[in-house]
Amino acid sequence: EDVMLYAKYSRGYRMGSLNLFGGVGLREFGPEEVDAYELGAKTSFGGPVPGTFNMAIFYNELDDQQLQYGYLAPGLTPTTVIANTGSSTIQGLEIESSFMLLEDLTLNISYTYLDTKLDEAAAVAPPDPRIQITATSLVGGDLTFSPEHSLMASLDYRLPLPAEIGDVSVGATYSYTDE
């Protein structure tokens, strides 16, 4: 009654778009697709310190991935372009828990482990030899903006105010994000 186990598969996509400043041949990019697999548990418990504990492991495969590239053309401000050039795998673990320490005092903790890998990427050819295009992720390496470890802890206190005012709480949050 207090435990839910689940398995999930889904297929999704992120639509393509248009970048007017991408230069000839780099203005449009198509959708990327992802196959996502997840196993998890969601639990709740009572006792002197009631709360919840949730955990999930996941594995994602991305195809026709939209990758960001640095773009430097003579006379223009450096910018970036997006191109469908890769595939990658993303796997990890998420844990989150909540503890009701007192009737109006709650502690929330969450942790994420992320393992990413760019499996393949095609070179993007500049439309002009004077233009420089540089990759932000390298094949076999981690994806950009994908920290390996993330941690968050918060402590929230609900103020004892009349019901007509509503629920008002104050809190403090600590957040850590790996490089």
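This dialogue walks through a predicted model, feature by feature.

Student: Where should I begin, and how many helices and strands does the protein chain have?

Tutor: It helps to begin with the secondary structure elements. Bearing in mind that the model is predicted, the protein chain has 0 helices and 10 strands, so that, from the N terminus on, its elements read β-β-β-β-β-β-β-β-β-β.

Student: What radius of gyration does the protein chain have, and what would a compact globule of 179 residues have?

Tutor: The idea is to set the value for the chain beside the value from a rule for globules. A compact globule of 179 residues would come out near 16 Å, but the protein chain has 22 Å. The extents of the C-alpha trace can be read alongside this, since they are about 70 × 35 × 30 Å along the principal axes.

Student: What share of the residues is buried, and how much accessible surface does the protein chain have?

Tutor: Buried residues account for 26% of the 179 residues in the protein chain, while the accessible surface amounts to about 11600 Å², with 58% of that belonging to carbon and sulfur atoms. A further way to read the fold is through its contacts: among those between residues at least 6 apart in sequence, 60% join residues at least 24 apart.

Student: Which residues have the most contacts inside the largest nonpolar core?

Tutor: The largest nonpolar core has 16 residues, and those with the most contacts inside it are Leu26, Tyr69, Tyr71, Ile90, Val124 and Ile133. Strands β5 (51–72), β6 (79–102) and β7 (105–121) each supply at least two residues of this core, and the largest share, 5 residues, comes from β5. To follow one member outward, take Ile90, which touches Phe58, Tyr59, Asn60, Leu62, Leu114, Asp115, Thr116 and Leu143 when residues up to four places away in sequence are not counted.

Student: How many salt bridges are there, and which residue meets Arg11 in one of them?

Tutor: For a salt bridge, one looks at the two side chains and then asks where each residue sits along the chain. The count here comes to 3 salt bridges, and in one of them the side chains of Arg11 and Asp35 meet at 2.7 Å, N to O. Because Arg11 lies in strand β1 (residues 3–14) and Asp35 in strand β4, this pair ties together parts that are 24 residues apart in sequence. The partners differ in burial, since Arg11 counts as exposed at 57% relative accessibility, whereas Asp35 is buried with a relative accessible area of 10%.

Student: Which residue forms a salt bridge with Glu32?

Tutor: Arg14 does, with the closest N and O atoms 2.7 Å apart. As Arg14 lies in strand β1 and Glu32 in strand β4, the pair ties together parts that are 18 residues apart in sequence. Arg14 counts as partly exposed at 45% relative accessibility.

Student: Is Glu32 buried or exposed, and what does its side chain reach besides Arg14?

Tutor: The cut-off for buried is under 20% relative accessible area, so Glu32, at 6%, is buried. A polar atom of the Glu32 side chain also lies 2.8 Å from the backbone nitrogen of Gln66. Beyond its neighbours within four places in sequence, Glu32 is in contact with several residues, including Gly12, Tyr13, Leu62, Asp64 and Asn84.

Student: Where are the residues of the remaining salt bridge, Asp104 and Arg158?

Tutor: Their side chains meet at 2.7 Å, N to O, and the pair links distant parts of the chain, with Asp104 in the loop between β6 and β7 and Arg158 in strand β9, 54 residues apart. Arg158 is partly exposed, its relative accessible area being 35%.

Student: What can a loop residue such as Asn19 be in contact with?

Tutor: Asn19 is found in the loop between β2 (17–18) and β3 (28–29), yet it counts as buried at 17% relative accessibility. A polar atom of its side chain lies 3.4 Å from the backbone oxygen of Thr80, and, leaving aside neighbours within four places in sequence, Asn19 is in contact with Leu26, Arg27, Thr80 and Val81.

Student: What is the phi of Asp64, and what is the phi of Phe145?

Tutor: Here one looks at the backbone angle and at the residue type together. Asp64, in strand β5, has a positive phi of about 50 degrees although it is not a glycine, and Asp64 is partly exposed at 47% relative accessible area. Phe145, which is not a glycine either, has a positive phi of about 55 degrees; it lies in the loop between β8 (132–135) and β9 (149–158) and is exposed, with a relative accessible area of 75%.

Definitions and conventions. Residues are numbered from 1 along each chain as its sequence is written. This is a predicted model: local features need pLDDT of at least 70, side-chain atom pairs count only at pLDDT 80 or more; totals for chains, interfaces and linings use all residues. Side-chain values use heavy atoms; hydrogens and water are left out. A nonpolar core is a set of buried Ala, Val, Leu, Ile, Met, Phe, Trp, Tyr and Cys residues joined through side-chain atoms within 4.5 Å. Buried means under 20% relative accessible area, exposed over 50%, partly exposed in between (1.4 Å probe, protein chains only). Helices (H or I, at least four residues) and strands (E, at least two) are DSSP runs, numbered from the N terminus. Contact means heavy atoms within 4.5 Å. A polar contact is a pair of N or O atoms within 3.5 Å; within protein, one must be able to donate a hydrogen and the other to accept it, and residues adjacent in sequence count only if both atoms are side-chain atoms. The radius of gyration is taken over C-alpha atoms; the globule rule is 2.2 Å times the number of residues to the power 0.38. Accessible areas come from the Shrake-Rupley method with a 1.4 Å probe; for residues, only the protein chains shown count as cover. A salt bridge is a side-chain nitrogen of Lys or Arg within 4 Å of a carboxyl oxygen of Asp or Glu.
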